[in-house]
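Biologist: I should like to request a close look at a single part of this protein, namely its interior. Please take the residues in turn and explain how they are arranged.

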Amino acid sequence: MLDLWLKEAQIDDVALTYKIEKTLIRKQTKYQDLAIVETKRFGRMLLLDGIVQTTIMDEFIYHEMITHIPLFAHKNPKRVLVVGGGDGGAVREILKHSNIDKVVLCEIDEDVIKYSKEFLPEISCALDNPKCEIFIGDGLNYVIEHKNEFDVIVVDSTDPFSVGENLFGGSFYKAIFECLKEDGIFIAQTETPFLLPDLVKKIYKDVEIAFPIAKIFLAGIPTYPTGFWSFTVGSKKYDPSKFSKSEVPFPTKYYNKELHEACFVLPQYIKDLINK
């Protein structure tokens with residue numbers, strides 16, 4: 001019997017390995033190499049260009065934190081844009097909020113949506129919700145062409161090395177600012193501070209230039225390099241670290257009211273990194 005292992009080498013001198021049971025789909029799409037595999041420890045796993053995007057076992061951490069933080073910080077979000085996130089996990093969490101009228105999912109690679117629906121139904125289950133509009137196209141162009149339309153923007157992008165590269169940087173965050181309404185909030189996944197500290201710092205500084213309020217928080221995600229991941233929030237009005245409601249009105253697995261504020265309490269080395 002073959003002993004199959006997946007090796008993820010996102011960083012030149014660090015690699016992660018996973019025991020593979022079988023490959024469910026592998027395809028070179030118009031934009032990237034897409035694979036969904038069955039792993040022994042983490043269940044089904046989505047990879048793009050050989051880099052783990054999400055798994056059945058730990059996806060709830062990432063998707064809850066990238067959505068509920070801005071949605072519970074905002075006083076009354078109605079319209080939400082998700083840039084990237086074709087697996088549908090962010091949309092699923094956003095639509096748990098009863099006050100949401102519409103979610104637009106802007107995904108450049110329609111095959112990510114197609115195969116997530118087929119092989120990751122637990123994650124993609126809300127993509128057919130009538131409140132969800134799917135737009136296939138470039139995220140940067142979309143935000144430039146839709147000014148003052150959204151209360152919250154979630155940038156659920158791949159890493160800044162290939163198809164997701166233009167979803168990082170000062171010009172993109174300025175376009176995000178203009179796409180948001182006057183009290184809007186934006187959030188992005190912003191990589192590992194252990195392995196990519198200079199990138200984390202640059203993103204934070206770019207967001208700080210674009211928004212009057214910029215904050216960074218951390219979450220533990222086992223299948224992301226080092227398991228220690230950063231998210232950066234830009235807000236026009238509301239303090240993103242403040243929980244604006246009385247309670248969380250639906251079940252969660254990771255996020256809660258106390259964690260909302262606690263996750264913004266940073267280790268000293270992260271403070272030092274972003275304040276240099």
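Leaving aside its neighbours within four places in sequence, which residues is F217 in contact with?

Modeller: The model is a predicted one. Once neighbours within four places in sequence are set aside, F217 is in contact with M65, I69, I187, W229, S230, F231, V233, C263, F264 and L266. F217 also belongs to the largest nonpolar core, which has 39 residues, and together with V91 and F231 it touches the most other members. At least two residues of this core come from each of α1 (59-73), β6 (79-84), α2 (89-94), β7 (102-107), β9 (150-156), β10 (180-189), β11 (213-220) and β12 (228-235). The greatest contribution is that of α1, with nine residues. A second core, separate from this one, comprises 31 residues, among them A210, A214, L218 and I274. As a general matter, nonpolar side chains in soluble globular proteins tend to be buried together.

Strand β12 also holds G234. Its relative accessibility is 0%, and G234 therefore counts as buried. Apart from neighbours within four places in sequence, the contacts of G234 are G184, I185, F186, V207, F211 and I213. The C-alpha atom of G234 is 9.4 Å from that of I176, although 58 residues separate the two along the chain.

I176 leads to helix α6, which spans residues 170-179 and whose buried residues are F172, Y173, A175, I176 and C179. Viewed down the axis of α6, these buried residues fall within an arc of 155°, so they line one face of the helix. In an α-helix there are 3.6 residues a turn, so residues three or four places apart point the same way. On the other side of α6, S171 and K174 are exposed. The buried residues of α6 are covered by elements that include β6, α5 (139-145), β9, β10 and α7 (197-210).

One of the buried residues of α6, C179, raises the matter of disulfides. C179 has a relative accessible area of 0% and is therefore buried, and C106, at 2%, is buried as well. The cysteine sulfur closest to that of C179 is in C106, at 9.6 Å, which is too far for a bond. Since a disulfide requires the two sulfur atoms to lie within 2.5 Å, this pair does not qualify, because its separation is 9.6 Å. By this rule, the count of disulfides is zero.

Terms used
Residues are numbered from 1 along each chain as its sequence is written. This is a predicted model: local features need pLDDT of at least 70, side-chain atom pairs count only at pLDDT 80 or more; totals for chains, interfaces and linings use all residues. Side-chain values use heavy atoms; hydrogens and water are left out. A nonpolar core is a set of buried Ala, Val, Leu, Ile, Met, Phe, Trp, Tyr and Cys residues joined through side-chain atoms within 4.5 Å. Buried means under 20% relative accessible area, exposed over 50%, partly exposed in between (1.4 Å probe, protein chains only). Helices (H or I, at least four residues) and strands (E, at least two) are DSSP runs, numbered from the N terminus. Contact means heavy atoms within 4.5 Å. The arc is that of the directions from the helix axis to the C-beta atoms.
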